[in-house]
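User: Please take me through the terms used for this model, setting each value against its definition.

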Amino acid sequence: MCGIVGYVGSEPCARLLYEGLQRLEYRGYDSAGLAVHDGTEIHVLRAAGKIERLGRALAERPLPGTTGIGHTRWATHGRPNETNAHPHRVDGVALVHNGIIENHVELRRRLTAAGARIQSETDTELVAHLVAERMRGGLDLLAAVRAALAELRGAYALAVLARGEPGRIVVAKSGSPLVVGLAGDAAVCASDVPALLPWTRDVLALEDGEMAVLERASLRVYGPDGRAVDRPLRRIDWSPVMAEKAGFKHFMLKEIFEQPRAIEDTLRGRLDRAAGDVHGDEIGLDPALAQSVERVHLVACGTSHHAAMLGRWYIERLARVAANVELASEFRGRDPVVGPRDLVVAVSQSGETIDTLVAAREARERGAAVLGVVNVVDSAIARMADATFYTHAGPEIGVASTKCFTTQIVALLLFAIWLGRRRGTLPAARAAELVEGLARLPAQVHETLRATRQLVANLARRHADARDVLFLGRGPSYPVALEGALKLKEISYVHAEGYAAGEMKHGPIALVDASVPVFVVAPRDASYERVMSNLEEARARDGRVVAIVTEGDEAAARRCEAVVEVPACAEELSPVLTVLPLQLFAYFVADHKGTDVDQPRNLAKTVTVE
Ligand code: M6R
């Protein structure tokens, strides 16, 4: 998500910080800023848009001083403009933050009631107010930050300066990464190793709950109990390019492995586990609409269309509203019947895909309400929609969408639970089960990736020379089959088809012979027995069947060339797990073939042409 750098030493630091931020550009951002302490005062410079704008501002207005913090922001709460850019300064405190503060609504209410003048739409500024409040109460910076943290729920990496404490940066971490290090007589910090590499290779990754105080040539780390801890620095031997990818060979692989964290961020603050429900505030739709809506149209392209197919399944099943899903490019071209009793859900990672944008806009002009399910804050769809439910996956650099897909599925399921509860169609006990299942999901995703990586890499080597690959699934596994095929085509250039397993005998079975790998997505669900029959049909034609199954499915293991197991979970959640081995398979085939995994030929990350 966002990037942090910090420096305290003997050199003028504004340029150093700026260069550190440039090294974090690959992560994606939409504004940037610096705060530098000149020994007397803290000076802040911020700019929306590309980092060069900050560079130009810095050339016009150099910031003197040898202690400072910098930030590249990727908007999660509030538009990507200068007011929302970090650092946020409140009284004599300047602060940068990565992560998402869950209880921002309550905090804003409490601070406003206490007379705070909040300038931005961000959750971050609230933390600066909390720290400033504690410092006004007489605490020093370290104690004030610690006291403020006690009020926060959510994820954060923070770096904070105080006017009254020149030559000092206080940092804290919970949930979002933060590394600190020593570089000659400077102490430095960053959200990611690449920012630090030209300064030092000796770093320490803080653990959740830890804080540190950085001063010239000094680094003190404190544990969650407030006591100083002695933690050795570790030598990093990654090249700068490896470091950008956190040691992964490609961004796509890094993003596949980021999925547990990305899903956690999608869920953050949205599950009401006590009530077995979903908090609706952030969906932003009038709850009355939940009652009155008669039809839902989901529109999207590519991978987002596959997530939208699951969205339809969730909405019909849990909220009992008629729903249809359509490729945005087709929807907009066919003069669809849409009106004021309809809700259009536009699903898009970038929020800029022109077909999805135009389809939703045209529906809105005919009176439908539009809900955007979008990853990029303040993107075109978010600005046009009546309400936007953000997926919070963080920037996705690889052209092939992975973490954005699974977080879209999670967001659509959250929305369907919300809708189902408000319409009275989803019993409380079932909603509570789904909410608990969602809460377990990040750990299951982590475990699936860990347990299947090597097995899938071996499968990919075995099947890398296949000319055609089939992917089959039923019910919620059908969009997963489509997604498995799309991933493989787009990065490895192998011809692949995703099919509803029930359609096999209506045509595609003619393709099956001993040279064709057939991936069957077959978790234990209501379609299981029928999918097994389809699997047998492929086997009977010598197809090389690989099945994605629920762990412990020995019957399937006996029938297939290979099985990849995923943990047991509710039927609604299985697509998030079963797609993981298919993402890995596409990745390892492409890597084996040596294609340009992150920037496959002919494809763009954001498709703004029709
Ligand atoms: O930004 P969007 O989600 O609207 O993009 C839609 C498609 O262009 C996108 O999902 C595309 O199919 C990806 N390359 C899939 O990996």
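Analyst: What follows treats the domains, their interface and the cavities in turn. This is a predicted model, in which local features need pLDDT of at least 70 and side-chain atom pairs count only at pLDDT 80 or more, while totals for chains, interfaces and linings use all residues. Residues are numbered from 1 along each chain as its sequence is written, and side-chain values use heavy atoms, with hydrogens and water left out.

User: What makes domain 1, domain 2 and domain 3 the parts of the protein chain?

Analyst: The bounds come from an automatic or database domain assignment, which gives domain 1 as 3-244, domain 2 as 255-437 and domain 3 as 441-593. Between domain 1 and domain 2 the C-alpha centres are 33 Å apart.

User: How do you know that domain 1 is in contact with domain 2?

Analyst: Contact means heavy atoms within 4.5 Å, and 15 residues of domain 1 are in contact with twelve residues of domain 2. Buried area is the accessible area (1.4 Å probe) that two parts lose on being put together, summed over both; for domain 1 and domain 2 this comes to about 1,200 Å², with 64% given by carbon and sulfur atoms. On the domain 1 side, Trp74, Ile100 and Glu102 lose the most area to domain 2, together 42% of what that side buries.

User: Why is the meeting of the side chains of Glu102 and Arg268 called a salt bridge?

Analyst: The term requires a side-chain nitrogen of Lys or Arg within 4 Å of a carboxyl oxygen of Asp or Glu. For Glu102 and Arg268 the N to O value is 3.9 Å, so the pair meets the definition. The count between domain 1 and domain 2 is one salt bridge.

User: What makes the space lined by His77, Ile100, Glu102 and Arg268, among others, a cavity?

Analyst: On a 1 Å grid over the protein atoms alone, a cavity is a set of points where a 1.4 Å probe fits but cannot get out, and lining residues have an atom within 4 Å of a point. Two cavities of 30 Å³ or more are counted by this rule, and the second largest holds about 50 Å³, a volume being the space filled by probe spheres set on points joined across faces, edges and corners. Its lining also includes Asp265 and His392, and draws at least three residues from each of domain 1 and domain 2. The largest cavity holds about 70 Å³, and Trp74 and His77 are among its lining residues.

Methods. On a 1 Å grid over the protein atoms alone, a cavity is a set of points where a 1.4 Å probe fits but cannot get out, and a pocket is an open set with protein on both sides within 12 Å along at least five of seven lines; lining residues have an atom within 4 Å of a point.
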